[in-house]
Amino acid sequence: LKLETELRSALEKNELSLVYQPQVQVGTRAIFASEALLRWHNGNLGQISPDQFIPVAESTELIIPIGNWVLEEAIKQNKKWLDRTNKKNVVAVNLSPIQFKKSDLPQIIETLLKKYEMPAELLEVEITEGILVENMEGARSQLEKIKALGVKVAIDDFGTGYSSLKYLRNFNFDRLKIDREFIKDYPANDNGKIAKAILNLAKQMDLKVIAEGVETIEQFEFMKENGCDEVQGYYFHKPLSVDDFEKLITEKV
Ligand code: G
Ligand code: G
Ligand code: MN
Ligand code: NA
């Protein structure tokens, strides 16, 4: 209850911020994108992780104003970086299922892209499999409206949810994100068998794949050997502040 009360005023008190985790191409190791990740620092409660407060935001509809704030902040920031560095990096934003279902979402995204003059192809939205299960036709039409703007769509946490393979056939995703779950223990346990299977499946379907949570050189080499296109993880970079991300993309020529 305390969390909910504090979360209600987090936006007006300016307590929310975004950090950006670089995404790297496997072949060249070049940064081509970042994922925007939400952070909340509250005067009374201190730093609270999104795993704690996103569920509260979702159960109270606060996720709508918060989600809109994240979209606006990420779009505004990415346009600033584009102007300041002349480098075309994609910014990826996580969408809550509740946010995704709102009929005005495509309009909101379109308005923000126009407001900041941000090229649509430099925005990606990440959705989870759960979105597709409940109402497949509704989800498909919403996805098509978002894609019609030129915005990219990634499927996040792949393999942890419902993972019906028919979603890969029925939806036109730009990128599949293999969940950290299938990478984190490599080379222990299953020796990456599930990650390998996902990579093969994606290759058959002509889908780009990004591996999340790559922490070691062994994990990176494994992904490289198995045809993974891109990686995101502590082996390369942790989530960074606005300034640190800008420094990084400026120094890498
Ligand atoms: O770094 P990490 O602790 O940021 O994120 C934890 C979880 O919170 C992840 O599942 C991530 O997808 C989610 N998350 C982070 N930022 C956002 C956001 O802006 N919106 C939504 N809906 N989820 C987010
Ligand atoms: O669920 P989603 O993929 O949106 O969230 C990404 C989460 O994974 C964030 O909490 C982010 O901080 C975390 N993350 C990214 N890279 C790594 C990594 O290499 N190791 C660990 N432990 N977490 C990571
Ligand atoms: Mn994500
Ligand atoms: Na994930």
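Which element gives the most to the shell around ligand 1? In this predicted model, the answer is helix 2, with three residues. The full set around ligand 1 runs through L37, L38, S49, P50, D51, I54, V70, N94, S96 and P239. Two elements give two or more residues to that shell, namely strand 2 (31-42) and helix 2 (50-60). Sorted by class, the surroundings of ligand 1 come out as six nonpolar residues, three polar ones and one charged one.

Ligand 2 sits among 14 residues, and the closest of these are N94, G213, E215, G233 and Y234. Here the split by class is four nonpolar, five polar and five charged. N94 turns up again at this point: it is listed around ligand 1 and is also one of the closest residues to ligand 2.

That residue belongs to strand 4, which covers residues 90-94 and is mostly covered itself, with five of its five residues buried. In a regular strand, side chains alternate between the two faces of the sheet. Strand 4 has cover on both faces: V90, A92 and N94 are buried on one side, and V91 and V93 are buried on the other.

Strand 4 also has partners to pair with. One is strand 2, which runs parallel to strand 4 and is joined to it by four bridges; within this pairing, S34 stands opposite V91 of strand 4. Another is strand 5 (residues 123-128), again in the parallel sense and again over four bridges. On that side, N94 stands opposite E126 of strand 5. Strand 2 thus comes up twice, as a contributor to the shell around ligand 1 and as a parallel partner of strand 4.

Stepping back to the protein chain as a whole, the fold is built with eleven helices and nine strands. What does the radius of gyration say about the chain? A compact globule of 253 residues would have a value near 18 Å, and the protein chain has 18 Å, so the two agree. Along the principal axes, the C-alpha trace spans about 50 × 45 × 35 Å. Buried residues account for 36% of the 253 in the chain. As for contacts with a separation of 6 or more, 66% of them link residues that are 24 or more positions apart.

Technical notes:
Residues are numbered from 1 along each chain as its sequence is written. Chains are lettered from A and ligands numbered from 1 in the order in which they are written. This is a predicted model: local features need pLDDT of at least 70, side-chain atom pairs count only at pLDDT 80 or more; totals for chains, interfaces and linings use all residues. A residue is near a molecule or strand if its C-beta atom, placed from the backbone, lies within 6 Å of it. Ala, Val, Leu, Ile, Met, Phe, Trp, Tyr, Cys and Pro count as nonpolar, Asp, Glu, Lys and Arg as charged, and the others, Gly among them, as polar. The radius of gyration is taken over C-alpha atoms; the globule rule is 2.2 Å times the number of residues to the power 0.38. A residue is buried if 20 or more other C-beta atoms lie within 10 Å of its own, exposed if 12 or fewer, and partly exposed in between; C-beta atoms are placed from the backbone. Two residues are in contact if their C-beta atoms, placed from the backbone, lie within 7 Å. Two strands pair if DSSP finds at least two bridges between them.
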